[in-house]
Amino acid sequence: MSDLKSLLSSLAHFPSTVRRLLTSGIVIQVFPLHDNEALKKLEDSWYTRFTLKYQPLDRIRGYFGETIALYFGFLEYFTVALIPMAVIGLPYYLFVWEDYDKYVIFASFNLIWSTVILEVWKRGCANMTYRWGTLVMKRQFEEPRPGFHGVLGINPITGREEPLYPSYKRQLRIYLVSLPFVCLCLYFCLYVMMIYFDMEAWALSLHESSGSEWTSVLLYVPSIIYAIVIEIMNRLYRYAAEFLTSWENHRLESAYQNHLILKVLVFNFLNCFASLFYIAFVLRDMKLLRQSLATLLITSQILNQIMESLLPYWLQKKHHVQVKRKVQALKADIDATVYEQVVLEKEMGTYLGTFDDYLELFLQFGYVSLFSCVYPLAAAFAVLNNFTEVNSDALKMCRVLKRPFSEPSANIGVWQLAFETMSVISVVTNCALIGMSPQVNALFPESKLDLILIVVAVEQMKLMAQNLKEESREGNKEEEA
């Protein structure tokens with residue numbers, strides 16, 4: 001057993017070799033065992049005792065590494081940043097909840113909030129990674145992906161023999177297969193969206209004809225069904241996107257991840273938000289927009305909690321009982337404690353990275369920043385969800401999944417750009433909603449051109465301010481370098 005542990009620890013220092021062995025099927029699994037004593041101390045200070053306090057990020061980093069610690073740091077920061085929106089949104093909802101058009105003030109606050117929180121996070125992230133010693137990491141030479149294949153040849157840059165694959169073949173696969181498939185999936189999600197609107201029209205007509213209490217409840221059924229369908233489509237598309245991106249045969253892991261994230265984000269954005277944009281700017285039905293946003297947000301949060309944490313934890317508990325029975329039945333002279341731990345943890349799920357966790361927060365940020373001005377309780381529900389998300393994710397990392405190898409990180413990577421892009425879209429959306437509001441239209445009863453010009457000017461000033469911040473930050477980095 002000690003020889004096995006030393007072999008695994010030595011393999012952990014050669015991730016590319018291990019990945020190749022796993023890909024070829026020579027090695028089935030390689031994972032570090034949980035340190036039960038250290039894990040118990042971490043759990044006691046993290047999630048087992050429900051108290052309103054900050055997470056022990058330094059301890060999380062010491063046990064799981066910087067990448068996972070940064071995710072929990074961002075989750076904590078984003079939850080705290082949502083509290084002002086929730087505090088303002090609750091009385092705003094209570095006082096004007098019957099008037100769906102009084103959203104100008106909240107939309108204006110939304111404009112500022114969606115930009116400021118991302119700028120403040122960059123400072124907090126830099127402070128954490130500076131303390132951990134990963135703020136300035138030297139960029140290492142990136143090895144080819146284990147799944148990359150091609151004809152053996154000499155790399156003209158490194159001079160080493162490795163598989164080579166023509167770039168034009170990869171481009172053909174991307175533009176002739178992957179791109180049409182993504183467009184087809186986008187068309188299908190728009191087709192499903194139109195079916196949802198037909199269901200909404202049917203439920204509304206039934207309610208207007210009968211006017212009973214059960215038909216008033218029926219009004220929420222199409223949105224609930226649509227929210228469930230959205231979650232199913234997102235998960236199915238994720239598997240297809242992973243298969244296509246792997247089939248494109250990208251040489252580097254970073255290129256693979258960039259193409260995968262682009263595919264998934266485009267589809268998830270359109271699938272989750274297309275109906276809300278259609279209701280807001282085509283139908284211009286603020287009551288339906290509020291109802292749809294509330295149903296989509298709450299239903300997606302409940303489904304994610306069940307699928308990501310509660311169901312895997314329940315299955316893991318059942319498996320744990322079966323393993324204990326098998327170990328007790330053994331009469332062999334072995335270290336039963338270590339054997340039980342190995343057997344138990346090898347059946348645990350493998351942590352596939354922070355992709356799904358950041359994606360969930362990205363969509364939540366979209367729901368809050370884009371249209372929460374017509375449903376101010378969106379931030380409050382997001383805060384409640386994230387308080388439980390911290391504990392459920394911690395439980396998932398400690399008791400449901402294998403312990404992952406730690407990975408150093410200087411920031412949250414490409415997700416920072418994704419959140420900033422969503423922030424820019426929220427600026428445009430909130431400016432358009434402000435321009436559509438009856439209060440603003442009443443100021444320009446005769447000339448709509450003046451109103452359009454003012455809205456565009458405000459929008460451009462906001463975007464210019466964001467660009468100036470980016471340029472000043474890049475300039476500071478160059479001066480420091």
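Visitor: What counts as a salt bridge here?
Guide: A side-chain nitrogen of Lys or Arg within 4 Å of a carboxyl oxygen of Asp or Glu. This is a predicted model, where local features need pLDDT (the predictor's confidence in each residue, from 0 to 100) of at least 70 and side-chain atom pairs count only at 80 or more, while totals for chains, interfaces and linings use all residues. Residues are numbered from 1 along each chain as its sequence is written, and side-chain values use heavy atoms, leaving out hydrogens and water.

Visitor: OK, how many salt bridges does the structure hold?
Guide: Ten. One of them joins the side chains of Asp44 and Lys40, at 3.0 Å from N to O.

Visitor: Where do Asp44 and Lys40 sit relative to each other?
Guide: Both are in helix H3, residues 36-46, four residues apart, which puts about one helical turn between them. Helices are DSSP runs of H or I with at least four residues, strands are runs of E with at least two, and both are numbered from the N terminus.

Visitor: Is Asp44 buried, exposed or partly exposed? And Lys40?
Guide: Asp44 is partly exposed, at 24% relative accessibility. Lys40 is partly exposed too, at 42%. Buried means under 20% relative accessible area, exposed over 50%, and partly exposed in between (1.4 Å probe, protein chains only).

Visitor: What does Lys122 pair with?
Guide: Glu420, with 2.4 Å between the closest N and O atoms. Lys122 belongs to helix H6 (residues 104-132) and Glu420 to helix H15 (residues 414-436), so this salt bridge ties together parts 298 residues apart in sequence.

Visitor: Are those two buried or exposed?
Guide: Lys122 is buried, with a relative accessible area of 16%. Glu420 is buried as well, at 16%.

Visitor: Which residues are linked with them in a network?
Guide: Glu119 is the further member: Glu119, Lys122 and Glu420 are linked in a network of salt bridges.

Visitor: And what about Asp393, which residue does it bridge to?
Guide: Lys396, with the closest N and O atoms 3.6 Å apart. Asp393 and Lys396 lie three residues apart in helix H14 (residues 378-400), about one turn of the helix. Asp393 is buried at 1% relative accessible area, and Lys396 is buried at 9%.

Visitor: Changing topic. Which residues does UniProt annotate as "transmembrane region"?
Guide: The unreviewed entry gives 68-97, 103-121, 174-197, 217-237 and 260-281. Feature names from that record are shortened, positions are in the numbering used here, and annotations may be inferred rather than shown by experiment.

Visitor: How much of 217-237 is helix in the model? And of 260-281?
Guide: Residues 217-237 are 90% helix and 0% strand, with the end C-alpha atoms 31 Å apart. Residues 260-281 are 100% helix and 0% strand, with 30 Å between the end C-alpha atoms.

Visitor: Where is phi positive outside glycine?
Guide: Asn249 is one case, with phi near 65 degrees. Arg284 is another, near 55 degrees. Most residues other than glycine have a negative phi.

Visitor: Where do Asn249 and Arg284 lie?
Guide: Asn249 is in the loop between H9 and helix H10 (253-283), and Arg284 is in the loop between H10 and H11. Asn249 is buried, at 0% relative accessibility. Arg284 is exposed, with a relative accessible area of 57%.

Visitor: H11, then. What does Gln301 touch?
Guide: Gln301 lies in helix H11, residues 286-329. Apart from neighbours within four places in sequence, Gln301 is in contact (heavy atoms within 4.5 Å) with Gln364, Phe381, Ala382 and Asn385. Gln301 is buried, with 9% relative accessible area.

Visitor: Where is confidence lowest, and where highest?
Guide: Helix H1 (residues 2-11) is lowest, with a mean pLDDT of 46, and helix H13 (residues 355-371) is highest, at 91. Residues 1-13 have pLDDT below 50, and this stretch makes six contacts in the model beyond near neighbours in sequence. Residues 474-481 also stay under 50, with zero contacts beyond four places in sequence. Where pLDDT is low, the predicted coordinates should not be read in detail.

Visitor: What is the mean for the protein?
Guide: The mean pLDDT is 79, and 76% of the residues reach 70 or more.
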